[in-house]
Structures are given as structure tokens and as C-alpha cells.
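Trainee: Got a minute? I'd like to walk through this one with you.
Mentor: Sure, put it up and ask away.

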Amino acid sequence: MQVLVIEDNPLVQRLVPPVLEKAFGAVEVHSARSLEEAYEILAHHPAPDFVILDLGLPGHTGVDTLRRFRWKFPA
């Protein structure tokens with residue numbers, strides 16, 4: 001299973017992978033601190049099975065963040 005975590009808080013980035021591993025077993029987690037960094041990761045890796053997206057990223061507003069992400073990566 002592949003997961004993309006888009007979160008600017010380093011503590012959350014550090015805690016999510018072991019929680020996912022315990023819950024689902026083998027998990028490959030890619031972490032990004034911004035949408036731009038996430039776009040770069042997705043340009044070089046296959047689409048993840050699911051995405052954990054912080055709706056409070058600096059410079060973005062809530063649901064607009066999700067809309068921008070879905071527009072760029074509809075799959």
C-alpha cells in the first residue's frame with residue numbers, strides 16, 4: 001500500500017507512518033510539507049492508494065486545498 005501524507009507539522013509526519021504500518025502492515029509512505037512538494041513527489045512516483053491531506057496548509061484555505069489537489073490529480 002502506498003500513502004502520501006501532505007502535512008507541514010513534522011510531528012504528524014513522524015507519527016503517521018508507524019500508525020499506518022501497525023494498522024495495515026506493509027506501507028510505503030511519502031511525506032510532503034506543501035502541495036508543491038506533493039506535486040513533485042507525484043511526478044516521480046505512482047499514484048498512492050490514499051492521501052492524508054492537511055486542510056490547514058500555510059498559504060491555502062481548507063477545502064480549496066482539496067479542490068486544487070483533486071484538479072491536478074483527479075485519479
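Mentor: Start with the helices. α2 passes α3 in a right-handed crossing. Keep in mind that this is a predicted model.

Trainee: Okay. How do people usually describe two packed helices?
Mentor: By the angle between their axes and the distance between the axes.

Trainee: And here, at what angle do the axes of α2 and α3 cross?
Mentor: Roughly 20 degrees, and the axes come within 12 Å. Angles under 35 degrees count as roughly parallel, so α2 is roughly parallel to α3.

Trainee: Which residues are these helices?
Mentor: α2 covers residues 35–44. α3 covers residues 62–72.

Trainee: Switching to the surface. Which residues make the nonpolar patch?
Mentor: Leu55, Val63 and Leu66. The patch is about 240 Å².

Trainee: Where does Leu66 lie?
Mentor: In helix α3. Leu66 counts as partly exposed, because its relative accessibility is 38%.

Trainee: What comes after α3?
Mentor: A segment that holds Ala75.

Trainee: Is Ala75 buried or exposed?
Mentor: Exposed, because its relative accessibility is 96%. The cut-off for exposed is over 50%.

Trainee: How far is Ala75 from Ala47?
Mentor: Their C-alpha atoms are separated by 7.7 Å. Along the chain, Ala75 and Ala47 are 28 residues apart.

Trainee: New topic, helix α1. Which residues does it span?
Mentor: Residues 10–24. Gln13 is found there, and Pro18 is too.

Trainee: Gln13 is polar. Buried or exposed?
Mentor: Buried, because Gln13 has 12% relative accessibility, and buried means under 20%.

Trainee: And how far is Gln13 from Ala32?
Mentor: 8.4 Å between C-alpha atoms, with their positions 19 residues apart along the chain.

Trainee: What about Pro18, how accessible is that one?
Mentor: Pro18 has a relative accessible area of 47%, so it is partly exposed.

Trainee: How far apart are Pro18 and Trp71?
Mentor: 30 Å in space, C-alpha to C-alpha. In sequence, Pro18 and Trp71 are 53 residues apart.

Trainee: Last one. Where is Ser34 found?
Mentor: In the loop between β2 and α2. β2 is 28–32.

Trainee: And what does Ser34 count as, with 23% relative accessibility?
Mentor: Partly exposed, because 23% falls in the range between buried and exposed.

Trainee: How far is Ser34 from Val3?
Mentor: 15 Å in space, C-alpha to C-alpha. Ser34 and Val3 are 31 residues apart in sequence.

Definitions and conventions:
Residues numbered from 1 in each chain as written. Predicted model: local features only at pLDDT ≥ 70, side-chain atom pairs only at ≥ 80, totals over all residues. Heavy atoms only, no water. Patch = residues over 30% accessible without salt bridge, like charges linked within 9 Å, V, L, I, M, F, W, Y side chains within 5 Å. Areas by Shrake-Rupley, 256 points an atom, 1.4 Å probe, with all protein chains shown as cover. Salt bridge = Lys/Arg side-chain N within 4 Å of Asp/Glu carboxyl O. Helix = DSSP H or I, 4+ residues; strand = E, 2+ residues; numbered from the N terminus. Buried < 20%, exposed > 50% of the residue type's maximum accessible area, 1.4 Å probe, protein only. Axes fitted to C-alpha atoms, helices over the stretch in contact; angles between N-to-C directions. Parallel < 35°, antiparallel > 145°, perpendicular 65-115°, else oblique. Left-handed = near helix turned anticlockwise from the far one by under 90°.
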